[in-house]
Structure formats: C-alpha cells, structure tokens
Amino acid sequence: MTVSPKFPASPADEFRDGMITIVPMIIAALPIGLIFGALAAQKGLSPLEVMLMSAGVFAGGAQFVALEIWSHPAPWLTLTVSALLVNLRHVLMSASLAPKVARGFRPWQRALGFFVLTDEVWALAEQRAATRVLTPAWYAGMVIPFYLNWVIAATAGAITGAVLGDTTRFGLDFAFPALFIALIMSFWKGPRTGTVLAASALAATGTYMALGGAWYVIAGALAGVLVAYVTAAETDESGAQGQ
Amino acid sequence: MTVDPFTLLAILGMAVVTYLTRLSGLFLMSRITLPRRLATALDAVPAAVLMAVITPAALATGPAETLAAAVAAIAALRLPMLAVVAVGVAAAALFRAILG
C-alpha cells in the first residue's frame, strides 16, 4: 500500500488532534473502568491495589481475566502467565506499529508510548498512520487522557463498589462473562473462530471439572491455539496482522 | 488502603509480562518475519483465552448461566459492548428467577 503522508502540523495542533481522536474510546472505557474497580473490590482488592494494577498493567482484558481467577493469597504465577497469554496479541500489534514510529519517535518516546499500547490505542494509531506521519505529540494527546481515564475510573469504581454488597442478587456477577462474550464476538472471523472457541471451551470445561484451580485457562488457551495452527495449515490464509 | 505482598507480586508480574509483549515488536520487527501459520495461531489467542476464562461461570455453573451466555452472544452480534453487558446481566437475573 502506498500512502502520501502529509507533513505534521505544529505539536500543539497534533496534541489536540490526538485528544479529539480518543474521545469516543474514553466514553466507552469509563463505565468499563468503573465496573472493573467495583468487581475488583468484590474480589477483595483495595482501591490502592486497583490503582496500582490499572496504572501498571493498563490492559482491560488481562485485568478482567485476573479478577476471574483471583483468590487469596493471590496466585501470582498463574496470574502472570494468564496475563502473558491474554496479551500475546500485543506482540503482533507492536510489530506492525514499530516501523511507523521508527523515525519520528526518540527511543524513550517509543519505550514509553508502547507501554500504553492497548487494542484501542493500536487501532487508532494504525488508522492515523495510514494517511499521516505519526508524531509523538499526536500520540501523547491520544494516550494521556485515555490512560488517566482508565486509572481514575477503576480506582473510583473500587472506592464506590466496595459498598455495593452482594452482586449475584441482580445478576451483576454475570457482567464479567457478558463482557467477555462481547469481546470474544469482536474477534469473530468466521467458522474457524468457532472451531477455536469450541476446542477451548471443551478443554477448559474438562480441565475445570477434573482439576479445578486455574489450569483450565491454560488448557483452553493451548487447545484453541493448537486448533488454530492446525486449521491454518490446510488453507493458509488471512490472520497475519504483522504484515 | 492496604497492599498485600502477594497481590503486589501478582501486579508486578502482570505488568512486566504485559510490557514485554508490547515492547517485543519493536525489537522483533527488523529481525524476523513471522511465519503466516504461526501468526494465524497467535491471532486466535485472545478468543481462546477469553473462552476458557468464562467456562466455569458460563458453561459449568448451571442452565440459567448457559442460557444467559447464549443470549449475550446473540446480543453481541448487534449491540455495543455496554449494551451486551446489560442484556447479559438482565438475562442471568431472569433465568435464575425462572429456573431457580
């Protein structure tokens, strides 16, 4: 694909452009952050712990997964492995965005900028890079409000959510699974995704029944990826994001 | 305001591996090209992980939860994420009330 990048505007204009770009994502992420904080409080995390996790990990999917398998004391190794598995997709996103920041960004700007490379940030940056040169000012204007929004919303949710009480009464505990189902469907790419999901569900259910604990996450993930690898061999098409 | 040591360890572990995945592309990109088949398999990771994660709550709890999961999946075909959450929560409450 050939593009004709326009010359970047002044840093102030670029920063403002970035802020405008991120507004819809902020509106969408705000209630999700509040829900995350409230559910984390249900799991026994303090508001400070919620703030540390949101600021340090800054990955909605991985954070929700962590809560789902959270217990006391925290199974830190399982939590770390599952965060790695959930975030493996970032390897592809990072690789595809890397050439687009190779010249305009200083090394520290790349290192800092990729610390906050979520699905949303990646998608918007790729969209921008298709027609314009990516500048640090634009990127900062986009990610700074988005980052603060997530950390503040999650912490606020933890502070207020602690007084919500029993969530199962109103089906609120099902917010988690429902959120994940919405996420799963957003990854849908045709029947092959169905095969992956079926393999994952079967392996996870079997492992959950047989072993309990949190092994079902790893079993399901491995089964799903294995099936994806095997089915990809037969026709070898779409799916490569890194190119 | 407390921080449990194991919780802190978990948060640190999660933060480090997450950052590694995000940084990796910067270093990998100039050096290797990911085989397409492997890229396709990696592409399936989020869906496979998320499916596994909800299994106990959605598929191995009871008929009310399984039905609510199906309703949420159908809702997800059309509705934005927040609406799907609302539909899922309402369906879970409803099916639990009906099925006990």
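**Burial and a helix crossing between chains A and B**

Mentor: Start with helix 3 of chain A, where G61(A), A62(A), Q63(A), F64(A), V65(A), A66(A), L67(A) and E68(A) are buried. Keep in mind that this is a predicted model.

Trainee: What makes helix 3 of chain A mostly covered?

Mentor: Count its residues. Helix 3 spans residues 60–68, and eight of its nine residues are buried. Buried here requires under 20% relative accessible area. The eight run from G61(A) to E68(A).

Trainee: How much of each chain is buried?

Mentor: In chain A, 50% of the 243 residues are buried. In chain B, the figure is 48% of 100 residues.

Trainee: How do you know what kinds of atoms supply the accessible surface?

Mentor: Split the area by atom. Chain A has about 10,900 Å² accessible, and carbon and sulfur atoms hold 70% of that. Chain B exposes about 4,800 Å², with 74% from carbon and sulfur atoms.

Trainee: Which elements build the two chains?

Mentor: Helices. Chain A has 11 of them and zero strands. Chain B has five helices, again with zero strands. Read along the sequence, chain B runs α-α-α-α-α.

Trainee: What share of the contacts in chain A join residues at least 24 apart?

Mentor: Take the contacts between residues at least 6 apart in sequence. Of these, 75% join residues at least 24 apart.

Trainee: Now the pairing across chains. Why are helix 9 of chain A and helix 4 of chain B called oblique?

Mentor: Set the angle against the cut-offs. The axes of helix 9 (residues 175–186) of chain A and helix 4 (residues 63–76) of chain B cross at roughly 45°. Roughly parallel needs under 35 degrees, and roughly perpendicular starts at 65. The value fits neither class, so the two helices are oblique to each other.

Trainee: How closely do the two axes come, and which hand does the crossing have?

Mentor: The axes come within 9 Å. The crossing is right-handed.

Trainee: Which residues make that contact?

Mentor: From helix 9 of chain A, A178(A), I181(A), A182(A) and M185(A). From helix 4 of chain B, A69(B), A72(B), A73(B) and A76(B).

Trainee: Why does the numbering step by three or four places?

Mentor: An α-helix has 3.6 residues a turn, so residues three or four places apart point the same way.

Trainee: How do you know the class make-up of this contact?

Mentor: Sort the residues. Ala, Ile and Met count as nonpolar. The contact therefore has eight nonpolar, no polar and no charged residues.

Notes: Residues are numbered from 1 along each chain as its sequence is written. Chains are lettered from A and ligands numbered from 1 in the order in which they are written. This is a predicted model: local features need pLDDT of at least 70, side-chain atom pairs count only at pLDDT 80 or more; totals for chains, interfaces and linings use all residues. Side-chain values use heavy atoms; hydrogens and water are left out. Axes are lines fitted to C-alpha atoms, for helices over the stretch in contact, and angles run from 0 to 180 degrees between N-to-C directions. Helices (H or I, at least four residues) and strands (E, at least two) are DSSP runs, numbered from the N terminus. Angles under 35 degrees count as roughly parallel, over 145 as roughly antiparallel, 65 to 115 as roughly perpendicular and the rest as oblique. A crossing is left-handed if the near helix is turned anticlockwise from the far one by less than a right angle, and right-handed if clockwise. Contact means heavy atoms within 4.5 Å. Buried means under 20% relative accessible area, exposed over 50%, partly exposed in between (1.4 Å probe, protein chains only). Accessible areas come from the Shrake-Rupley method with a 1.4 Å probe; for residues, only the protein chains shown count as cover.
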